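Colleague: Got a minute to walk me through this one? I'll just fire questions at you as they come up.
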Amino acid sequence: MFTLSANLTFYIPHAASLKDKRQVCRSLIDKTRQRFNASVAEVATQDVHQTLTVGVAVVSGDNVHAQNSLNEIIQFMEDHTDAILLAVER
C-alpha cells in the first residue's frame with residue numbers, strides 16, 4: 001500500500017476577507033472531492049485572507065497509480081480555481 005500526500009499553497013489576490021477566502025476554498029475542495037477519490041482539506045493558514053493551504057492525500061496499491069493520481073489532482077486544482085498556485089510540497 002502506498003500513501004502519498006501534498007500541501008498546495010495558493011494565493012488569492014481578490015480575497016479581502018476570510019469570507020472571500022472560504023468561498024474559494026470550499027469551491028475548490030468540493031470540486032476536487034467530487035471528481036477524485038482523495039482526501040482534501042484546508043490544513044494551514046486559516047486566518048490569512050489571501051493564502052490558502054490545502055492538503056491532499058492519496059492511497060493506492062500501486063505506487064505509479066498513486067503518483068499519477070496525485071499529479072492529476074494537483075493539475076486539476078490549479079486549473080479549476082482563480083487562485084494562483086504558489087507552491088507544492090510533496
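Colleague: Is A41 buried or exposed?
Modeller: Neither, A41 counts as partly exposed because its relative accessibility is 32%. The cut-offs are under 20% relative accessible area for buried and over 50% for exposed, with partly exposed in between, using a 1.4 Å probe and protein chains only. Bear in mind that this is a predicted model: local features need pLDDT of at least 70, side-chain atom pairs count only at pLDDT 80 or more, and totals for chains, interfaces and linings use all residues. Residues are numbered from 1 along each chain as its sequence is written, and side-chain values use heavy atoms, with hydrogens and water left out.

Colleague: Where does A41 sit, and what is A41 in contact with?
Modeller: A41 is in strand β2. Skipping neighbours within four places in sequence, A41 is in contact with I29, R33, T53, V54 and G55. Contact here means heavy atoms within 4.5 Å. Helices (H or I, at least four residues) and strands (E, at least two) are DSSP runs numbered from the N terminus.

Colleague: And how far apart are A41 and L28 in space?
Modeller: C-alpha to C-alpha, A41 and L28 are 9.9 Å apart, with their positions 13 residues apart in sequence.

Colleague: OK, zooming out. In what order do the elements run?
Modeller: From the N terminus on, the protein chain goes β-α-β-β-α-β, with two helices and four strands.

Colleague: What is the radius of gyration of the chain?
Modeller: The protein chain has 13 Å, which agrees with the value near 12 Å for a compact globule of 90 residues. That radius is taken over C-alpha atoms, and the globule rule is 2.2 Å times the number of residues to the power 0.38. The C-alpha trace spans about 40 × 20 × 15 Å along its principal axes, and 34% of the 90 residues count as buried.

Colleague: What share of the contacts comes from residues 24 or more positions apart?
Modeller: Those make up 67% of the contacts with a separation of 6 or more.

Colleague: Now the core. Which residues touch the most other members?
Modeller: In the largest nonpolar core, with 24 residues, those are L8, F10, L52, V56, L70, I73 and M77. A nonpolar core is a set of buried Ala, Val, Leu, Ile, Met, Phe, Trp, Tyr and Cys residues joined through side-chain atoms within 4.5 Å. The elements giving two or more residues to this core are β1 (2-11), α1 (18-35), β3 (51-60) and α2 (63-79), and α2 has the largest share, six residues.

Colleague: What is L8 in contact with?
Modeller: Leaving out neighbours within four places in sequence, the list for L8 is L52, T53, V54, V56, I74, M77, L85, A87 and V88.

Colleague: Which residues of α2 are buried?
Modeller: In α2, A66, S69, L70, I73, I74, F76 and M77 are buried. Down the axis of α2 they fall within an arc of 160 degrees, so they line one face of the helix. The arc is that of the directions from the helix axis to the C-beta atoms. V64 and D79 are exposed on the face turned away from the buried side. Among what covers the buried residues of α2 are β1, α1, β2, β3 and β4 (84-89).

Colleague: Which ones are buried in α1?
Modeller: K21, V24, C25, L28, I29 and T32. They cover an arc of only 120 degrees around the axis, which puts them on the same side of α1. They pack against β1, β2, β3 and α2, while K19, R22, Q23 and Q34 are exposed on the face turned away.

Colleague: How many aromatic pairs are there?
Modeller: One. F36 and F76 are edge-to-face, 5.3 Å centre to centre with 80 degrees between the planes. F36 lies in the loop between α1 and β2 (39-44) and F76 in helix α2, so the pair ties together parts 40 residues apart in sequence. The pairing rule is ring centres of Phe, Tyr and Trp (its six-membered ring) within 6.5 Å; planes under 30 degrees apart are stacked, over 60 edge-to-face and the rest tilted. F36 and F76 are both buried.

Colleague: Last one: what phi does T45 have?
Modeller: T45 has a positive phi of about 50 degrees, although it is not a glycine. T45 is in the loop between β2 and β3, and counts as partly exposed because its relative accessibility is 27%.
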